[in-house]
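Please look over the sequence and the model shown below before reading on. The report that follows takes up a sheet and then a single residue.

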Amino acid sequence: MTHQTVGHAPAGDQDGPLTDCPDSALVPPGHEPRCPVDITLATLSGRWTPLVLREFLRRGQATYSELSAALPALSDKVLSDRLAQLTSAGVIERHRTPGWPPRVRYILTSQGRALEPVVRSMWEWGTARRTGLSSSPVPSDTGLG
């Protein structure tokens, strides 16, 4: 069996819809991504970010309290960080209503809505994987030991 280096398209597959980024588009960590896959991953990076986005795709908009109730496993810090991340990426907008107490509502943007096929694909792949895992026997020897 031959080994294919991750990130390089097999010979003859250079014109497919997911052709590899040219080396000039690949950048070291910490720099602004230029490869389309890197850009998407940077937007959705961090544990829980796709699930926060999933809630916005379900609702269109939400308050911090609504998100906190929908995702009880998230700490306040993580939820705040993910909201700030998605806001700075242009996926959601933060709207503050004047008055006391201050009310903040987060609203999904058109850029955020454009991520729906990505999250839907993740959902479908995960559903198929979950179904496949539950219907197949667990091997006794994983080959990792």
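## The sheet

In this predicted model, two strands are said to pair if DSSP finds at least two bridges between them. With that in mind, three strands can be seen to form an open sheet, in which their order is 1-3-2 and the pairing is antiparallel. The edges are taken by strand 1 (61-63) and strand 2 (92-97), each of which pairs on one side only. From one strand to the next, the twist averages 25°.

The pairing of strand 2 with strand 3 (residues 103-108) can be followed in more detail, since these two antiparallel strands are joined by six bridges. Within this part of the model, Ile-92 stands opposite Leu-108, a residue of strand 3.

## A helix on the sheet

Helix 2 (residues 49-59) packs on the sheet, where it touches strand 1, strand 2 and strand 3. The direction of helix 2 makes about 85° with that of strand 3.

## The surroundings of Gly-112

Gly-112 lies in helix 5, which covers residues 110-113. Is Gly-112 buried or exposed? Because its relative accessibility is 0%, and buried means under 20%, Gly-112 counts as buried.

When the neighbours within four places in sequence are left aside, Gly-112 is in contact with Leu-53, Leu-57, Gly-90 and Val-91. Another way to place this residue is by its separation from Thr-87, which is 25 residues away along the chain, while the C-alpha atoms of Gly-112 and Thr-87 are separated by 9.8 Å.

Definitions and conventions:
Residues numbered from 1 in each chain as written. Predicted model: local features only at pLDDT ≥ 70, side-chain atom pairs only at ≥ 80, totals over all residues. Heavy atoms only, no water. Helix = DSSP H or I, 4+ residues; strand = E, 2+ residues; numbered from the N terminus. Axes fitted to C-alpha atoms, helices over the stretch in contact; angles between N-to-C directions. Contact = heavy atoms within 4.5 Å. Buried < 20%, exposed > 50% of the residue type's maximum accessible area, 1.4 Å probe, protein only.
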